[in-house]
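Work through the exercises below with the sequence and the 3D view open. Try each task before reading its solution.

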Amino acid sequence: MYPWSSSSYSGQAPNGGQSRTMPNGLDDQEKLLAEAVGAARKQAFQMNHFLDKERMLDALKCASTMLSELRTSMLSPKSYYELYMAVTNELCHLELYLSEKSHKETDLYELVQYSHTIAPRLYLLITVGIVYIKNDSTLKRSILKDLVEMCRGVQHPLRGLFLRNYLLQCTRNILPDVLVAENEHEGNVYDAIDFVLTNFAEMNKLWVRMQHQGHSSEKTRREKEREELKILVGTNLVRLSQLESATLETYKRLILPGILEQVVSCRDAIAQEYLMECIIQVFPDEFHLQTLDPFLKSCAQLETGVNVKNIIISLIERLAAYNQRSGKTSGNAIDAIIPAEVELFEVFSVQVANIVQTRTDMPLEDTISLQVALLSLAQKVYADRVDYVDKVLGTTAQILDRMNMNNISHLLSVNQELSRLLRICIDFYNNALTIIQLSNFCPLLEKFDYTSRKSLALYLVMNILENETQVTTAEQADSLLTIITPLIKDDETNTTNNSTDAEEFAEEQGVVARFIHLLKSEEPDMQYKMLQTARKHLGNGGGQRLKHVLPPLVFAAYQLAFKYKAIAEQDENWDKKCQKIVQYCHSTISALAKADLPDLALRLYLQGALVIGEIRYTNHETVAYEFMTQAFSLYEDEISDSKAQLAAITLIMSTFEQMSCFGEENAEPLRTNCALAASKLLKKPDQCRGVVACAALFWSGKQNGEEMRDEKRTLDCLKKGARIASQCLDTGVQVQLYVELLNHYLFYFERGNSLITVAMLNQLIAKVNEELPNLEPSEETKQIESHYKNTLAHLRTRMESNDATLEVSFAGITLN
């Protein structure tokens, strides 16, 4: 009988290994750990002492006692790991000694098997067995098989896991890694695979068993402990991946089936999820490409609690990254290096569909996340295959149809995943024209609620603007405007909740207006079709939208009319086409007028009159006159605010003053109406300014294509303005008007109106000099004084000038 088998050498561990409840307190754990480590170090000291004296049996007895500390059930995994490290570090000394002295002790492998407790016995067996293998490689095959089988003797989950981890660590550099060994007893790579797979299977069983020990109330604690220990199980897979002689064929035939069989059969969600992730991370991408089918089929067989979505997404992302990392770059694209025989997208598409169908418990947002991952794969690996992307969108729409999901609220998590799916498409292509080629994009978009559709529409339009994507056909314009309908039309199904922040609304409509300017075609006829298409879509948005989106259409149409004018020699029908464009503009502006937007409509009518006057197509004078009269009608019927009236009539006069297309028959009524409208303004200051502005119509206004230069009627307007100014009771306003009048008189005096005399100028200057000092100090007074000083400075400069080109003499003007 061997020394430590007798009662005097029982080597009973202080903690005895009894199954007792583990202390929960941190202080208790630290105390127990300190006691165990202290006892182990004491025995380690004795062991090293006996080794120095070459007392082998006594050293082994101390080693066995030291290892008995690992039989405890009282420590948490974290504390047990610290104890394990302390003990196994000391075993290194024993291994080193045995390696040097093994020739003297030929029966050590048998000797240590007589230890009366199994855990110490197996640790010693592993230590001695490794020494034997290092000294005689012909024993490798038999000893490895012997060790991995004997470790079954420890079935306590925690102790068994660390024991098998010790076995794995000790054998990491001695596993046979050749296809054919010189001596069959040395083993080959298949023996190494069998060894690691057996060890893996047993470790996984022990790890899973931890979940089912103890009271159900401690489930959370047990799961946390298992999380701390998972790396011990995963190390087996790392060891398999490090076998250099393991070929792809070996992986397909032995390694992967062995791992997957254990993963599926363990029926534990925590283990399955972790191990599937391990497979993805530790084995080469080339192996994954050739084994997608068995791996993905296994995913469909996993337990309900396993997050299959994360596993598949992880694999997809890894293979996509491999393609981008290893593929050849040509221009901005990356040529795929995935072998042609590996139909990566098709395999994933079929298997993902199978998983979705099999796992009826999978949340809808997880199902959509899988579609997002498939989409990402299609774009990264098959960038030129738009049909793959469209297939993913179609599959997603079918899934939603089967579940009768419509009008999906923006508050749901599934909405966020669906939005991500469509945004990825928009971001990847950065070309809205590619998006409209996706036949399933719009049907999927229709599944969202109005808020989400509007958000996605805005996202698409912003992408168009950022990339300056030009829309060149009416069909493209129609498709895009259909997609962004939520931006240009209120939600018809929910009329009570269409309110939005005014500033935000204006910003959104401004974006749409900018988009309209990107409807550009080199062919004028196609450009006109696009404008018609846009008008049809934009015309039903309501007054609040019309004021933002219709003016760009009108200006685009005016530009198109100039384009037809430029190609008049190449297109004999340009005249008729211009007439159609003008009619289009007239109806569009009329829509604005009907939508209670008179100011905007008036400005667009005046702009149209200018354009028509310049293009000069057939019957242009009559049409321009119609545009001017429409502007007058709006002024008279719709504009009531006095400031707005002055601004409008000034705008009408300045437009008319520039136009030279009217004959006297049409021009005279317009001039008369302008003067009449100005004299009828409600406030005297407005009347004064309006009447004075009319003077320009009789001076620089056109008659038969030439400026009128009617000195008398020009002066009449100025005199009438002075008369009205004198009727103002507010002295400050009166002085301000006199200063303005002085500037107008000077303007026409300098341009050669012979009826305006120096005496008239002196009279105005005297009037201002008389009244200005009487004004009370104020900000308005400062502005009047500044204006007057600048006017006098101009006069002084003219009086002192020797310029012979001046048409008139400033002599006789009295400034003070």
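**Exercise 1. Confidence.** Find the stretches where pLDDT stays under 50.

Solution. This is a predicted model: local features need pLDDT of at least 70, side-chain atom pairs count only at pLDDT 80 or more, and totals for chains, interfaces and linings use all residues. Numbering starts from 1 along each chain as its sequence is written, and side-chain values use heavy atoms, with hydrogens and water left out.
- Start with the whole chain. Its mean pLDDT (the predictor's confidence in each residue, from 0 to 100) is 88. Of its residues, 94% reach 70 or more.
- Now look at residues 1–21. Their pLDDT stays under 50. The model has 40 contacts (heavy atoms within 4.5 Å) for them beyond four places in sequence.
- Residues 329–334 also stay under 50. Seven contacts beyond four places in sequence are found for this stretch.
- Take care: where pLDDT is low, the predicted coordinates should not be read in detail.

**Exercise 2. Two helix pairs.** State how H15 and H17 are oriented to each other, then do the same for H2 and H5.

Solution. Helices here are DSSP runs of H or I, at least four residues, and strands are runs of E, at least two, numbered from the N terminus. Axes are lines fitted to C-alpha atoms, for helices over the stretch in contact, and angles run from 0 to 180 degrees between N-to-C directions. Under 35 degrees counts as roughly parallel, over 145 as roughly antiparallel, 65 to 115 as roughly perpendicular, and the rest as oblique.
- Helix H15 (residues 344–358) packs on helix H17 (residues 386–402) at about 5°, with axes 12 Å apart. H15 and H17 are therefore roughly parallel.
- Phe-345, Glu-346 and Ser-349 of H15 meet Tyr-388, Lys-391 and Val-392 of H17. By class, this contact has three nonpolar, one polar and two charged residues. (Nonpolar: Ala, Val, Leu, Ile, Met, Phe, Trp, Tyr, Cys and Pro; charged: Asp, Glu, Lys and Arg; polar: the others, Gly among them.)
- Helix H2 (residues 56–68) and helix H5 (residues 118–135) pack at about 120°, with axes 8 Å apart. H2 and H5 are therefore oblique.
- H2 brings Leu-60, Ala-63, Ser-64, Leu-67 and Ser-68 to the contact, and H5 brings Pro-120, Tyr-123 and Leu-124. Six of these residues are nonpolar, two polar and none charged.

**Exercise 3. Buried or exposed?** Classify Leu-70, Lys-454 and Asn-173.

Solution. Buried means under 20% relative accessible area, exposed over 50%, and partly exposed in between (1.4 Å probe, protein chains only).
- Leu-70 sits in the loop between H2 and helix H3 (77–101). Its relative accessibility is 1%, so Leu-70 is buried. Beyond four places in sequence, Leu-70 touches Tyr-80, Leu-83, Tyr-84, Val-87, Tyr-123 and Arg-159.
- Lys-454 belongs to helix H21 (residues 450–467). At 17%, Lys-454 counts as buried. Its contacts beyond four places in sequence are Pro-486, Leu-487, Thr-500 and Glu-508.
- Asn-173 lies in the loop between helix H7 (157–170) and helix H8 (189–209). At 69%, Asn-173 is exposed.

**Exercise 4. Positive phi.** Locate Glu-468 and Asn-619, and give the phi of Glu-468 and of Asn-619.

Solution.
- Glu-468 is in the loop between H21 and helix H22 (474–483). Its phi is near 50°, positive in a residue other than glycine. Glu-468 is exposed, at 61%.
- Asn-619 is in the loop between helix H28 (598–615) and helix H29 (620–638). Its phi is about 65°, although Asn-619 is not a glycine. Asn-619 is partly exposed, at 48%.
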